[in-house]
Amino acid sequence: MNETQPTITLWRPVGPQELKLIEASEMQAFPPRLPEQPIFYPVLSEAYAVQIARDWNVPASGAGFVTRFAVLKSFLDRYRVEHAGSKAHLEYWIPAEDLDDFNKAIVGRIEVTATFGGDTAPVG
């Protein structure tokens with residue numbers, strides 16, 4: 001991708017299994033959604049991602065991680081920003097069938113910015 005194109009920074013809270021799959025992609029892609037997960041939800045603020053990683057991923061799987069990454073604005077312009085609760089809970093709803101194109105629109109690497117719970121240290 002041409003890194004001179006405008007990008008938007010997004011965050012995604014993930015559990016240990018999803019992080020392992022991201023690491024397997026060399027921190028360049030998110031794994032396909034499971035059949036019961038028709039939407040991929042990247043969020044617009046680190047604080048919201050921290051809240052989900054800490055309050056949902058840790059109880060559900062023992063650890064939570066916050067990832068940060070840049071996506072081409074031209075790709076995201078196809079989607080609306082959705083409110084998922086309060087005004088601070090903003091996210092994109094990317095249909096599972098669009099995830100391959102979403103991954104192609106990531107500029108640079110996916111970075112882990114925070115870790116909660118567990119003894120698992122992220123690689124990357």
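Me: Is Val50 buried or exposed in this model?
Reply: Keep in mind that this is a predicted model. Val50 sits in helix 2, and its relative accessibility comes out at 18%. The cut-off for buried is under 20%, so Val50 counts as buried.

Me: Which residues is Val50 in contact with, leaving aside its neighbours within four places in sequence?
Reply: Start with the backbone: the C-alpha atoms of Val50 and Gly64 are separated by 8.5 Å, though the two residues are 14 apart along the chain. As for contacts, with those sequence neighbours set aside, Val50 touches Val66 and Phe116.

Me: Where does helix 2 bend?
Reply: Helix 2 covers residues 46-61, and its bend is about 30 degrees. The buried residues of this helix include Tyr48 and Asn57, and they pack against strand 1, strand 3, strand 5 and strand 7. The bend itself falls at Ala53.

Me: What phi does Gly62 take?
Reply: Gly62 comes just after helix 2. Its phi is positive, at about 90 degrees.

Me: Is Thr67 buried or exposed?
Reply: Thr67 belongs to strand 3, which spans residues 64-72. Beyond its neighbours within four places in sequence, its contacts include Leu10, Phe30 and Ile110. With a relative accessibility of 0%, Thr67 counts as buried.

Me: Which residue's backbone oxygen lies 2.8 Å from a polar atom of the Thr67 side chain?
Reply: Trp11, Arg12 and Val14 are among the residues in contact with Thr67. The backbone oxygen that lies 2.8 Å from a polar atom of the Thr67 side chain is that of Arg12.

Technical notes. Residues numbered from 1 in each chain as written. Predicted model: local features only at pLDDT ≥ 70, side-chain atom pairs only at ≥ 80, totals over all residues. Heavy atoms only, no water. Helix = DSSP H or I, 4+ residues; strand = E, 2+ residues; numbered from the N terminus. Buried < 20%, exposed > 50% of the residue type's maximum accessible area, 1.4 Å probe, protein only. Polar contact = N/O pair within 3.5 Å; in protein donor to acceptor, adjacent residues only side chain to side chain. Contact = heavy atoms within 4.5 Å. Bend = angle between axes of the 7 residues up to and from the residue.
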